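Please work through the exercises below with the sequence and the structure at hand. Each task is followed by a solution in steps.

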Amino acid sequence: MKAYSYDETTKKYKGEIDRQKDPLESKLAGHDVWLMPANSTLVEPLEAKEGFDIVWHDDHWEYEEVKKDPEPEPYVPTELDKKRQELWETEQWLQDHDYVGTKIATGRATIADYADVIAEMSVRADKVDALKAEIAELESAQ
């Protein structure tokens, strides 16, 4: 025997479920007695309808329009966010080029071999210091 289940809180239709026979009550009554699961009914639900939920109301099913969440506003980075990102990218570039110091220190390369990279490292190291100062200033203004 079938029953139709709904969510305890939202009352939205969940699906068809099988009812279980109560052996003790069936024996006492002399005929089959079926248990009724919680949050279910014998009333058949409405046909599915696009854009609507089927919801149980007291003694009948009703359609309720599905509420759509509004589209979130697109993320717009703050000036602080932009500076932090720029700092991260600059520090990442420096980390990616750390191997230069190791090659020079171990004698596998000379300063002349990496003169352009070393000059750029110096520029970016100064940029890191400047960005950290700008970030500290922006954070203190909050």
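The exercises concern a predicted model and treat strands, nonpolar cores, a buried side chain, aromatic pairs and charges over rings.

**Exercise 1. Determine the strand order of the open sheet of 3 strands and identify its edge strands.**

Solution.
- Step 1. The order in this sheet is 2-1-3, and the pairing is antiparallel.
- Step 2. Strand 2 (13–18) and strand 3 (40–41) are the edge strands, since each of them pairs on one side only.
- Step 3. Strand 1 (residues 2–6) is joined to strand 3 by 2 bridges, and the two run antiparallel.
- Step 4. Within this pairing, threonine 41 of strand 3 is the bridge partner of tyrosine 4.

**Exercise 2. Describe the pairing of strand 4 and strand 5 and the hairpin that they form.**

Solution.
- Step 1. Strand 4 (residues 52–57) pairs with strand 5 (residues 60–65) over 6 bridges, in the antiparallel sense.
- Step 2. Glutamate 65 in strand 5 stands opposite phenylalanine 52.
- Step 3. The hairpin has 2 residues between the strands, and aspartate 58 takes a positive phi near 60 degrees.

**Exercise 3. State which residues make up the largest nonpolar core and which helices supply at least two residues each.**

Solution.
- Step 1. This core has 8 residues, namely Leu80, Leu87, Trp93, Leu94, Met121, Val128, Leu131 and Ile135.
- Step 2. At least two of the core residues come from helix 2 (79–96), and at least two from helix 4 (115–140).
- Step 3. Another core, of 5 residues, lies apart from the largest one; Tyr4, Tyr6, Ile54 and Trp61 are among its members.
- Step 4. With neighbours within four places in sequence set aside, leucine 131 is in contact with Lys83, Glu86, Leu87 and Thr90.

**Exercise 4. Is isoleucine 135 buried or exposed, and which residues does it contact beyond its neighbours within four places in sequence?**

Solution.
- Step 1. Isoleucine 135 is located in helix 4.
- Step 2. Its relative accessible area is 7%; because the limit for a buried residue is under 20%, isoleucine 135 is classed as buried.
- Step 3. Leaving those sequence neighbours aside, isoleucine 135 is in contact with Leu80, Lys83, Arg84 and Leu87.

**Exercise 5. Classify the aromatic pair of tyrosine 6 and tryptophan 56, and that of tyrosine 99 and tyrosine 114.**

Solution.
- Step 1. The structure holds 6 aromatic pairs.
- Step 2. The ring centres of tyrosine 6 and tryptophan 56 are 5.8 Å apart and the planes stand at 15 degrees, so this pair is stacked.
- Step 3. Tyrosine 6 belongs to strand 1 and tryptophan 56 to strand 4, 50 residues apart, so that the pair links distant parts of the chain.
- Step 4. Tyrosine 6 and tryptophan 56 are both buried.
- Step 5. For tyrosine 99 and tyrosine 114, the distance is 6.1 Å centre to centre with 85 degrees between the planes, and the pair is edge-to-face.
- Step 6. Tyrosine 99 is partly exposed, at 38% relative accessibility, whereas tyrosine 114 is buried, at 16%.
- Step 7. One aromatic cluster is formed by Tyr6, Tyr13, Trp56 and Trp61.

**Exercise 6. Which rings lie beneath lysine 49 and the charged end of arginine 124?**

Solution.
- Step 1. Lysine 49 lies over the face of phenylalanine 52, at 4.7 Å from the ring centre.
- Step 2. The charged end of arginine 124 sits over the ring of tryptophan 93, at 4.1 Å from its centre.
- Step 3. Tryptophan 93 is also one of the residues of the largest nonpolar core.

Methods: Residues numbered from 1 in each chain as written. Predicted model: local features only at pLDDT ≥ 70, side-chain atom pairs only at ≥ 80, totals over all residues. Heavy atoms only, no water. Pairing = 2+ DSSP bridges. Helix = DSSP H or I, 4+ residues; strand = E, 2+ residues; numbered from the N terminus. Core = buried A, V, L, I, M, F, W, Y, C linked by side-chain atoms within 4.5 Å. Buried < 20%, exposed > 50% of the residue type's maximum accessible area, 1.4 Å probe, protein only. Contact = heavy atoms within 4.5 Å. Phe/Tyr/Trp six-rings, centres within 6.5 Å; stacked < 30°, edge-to-face > 60°. Lys NZ or Arg CZ within 6 Å of the ring centre and 35° of its normal.
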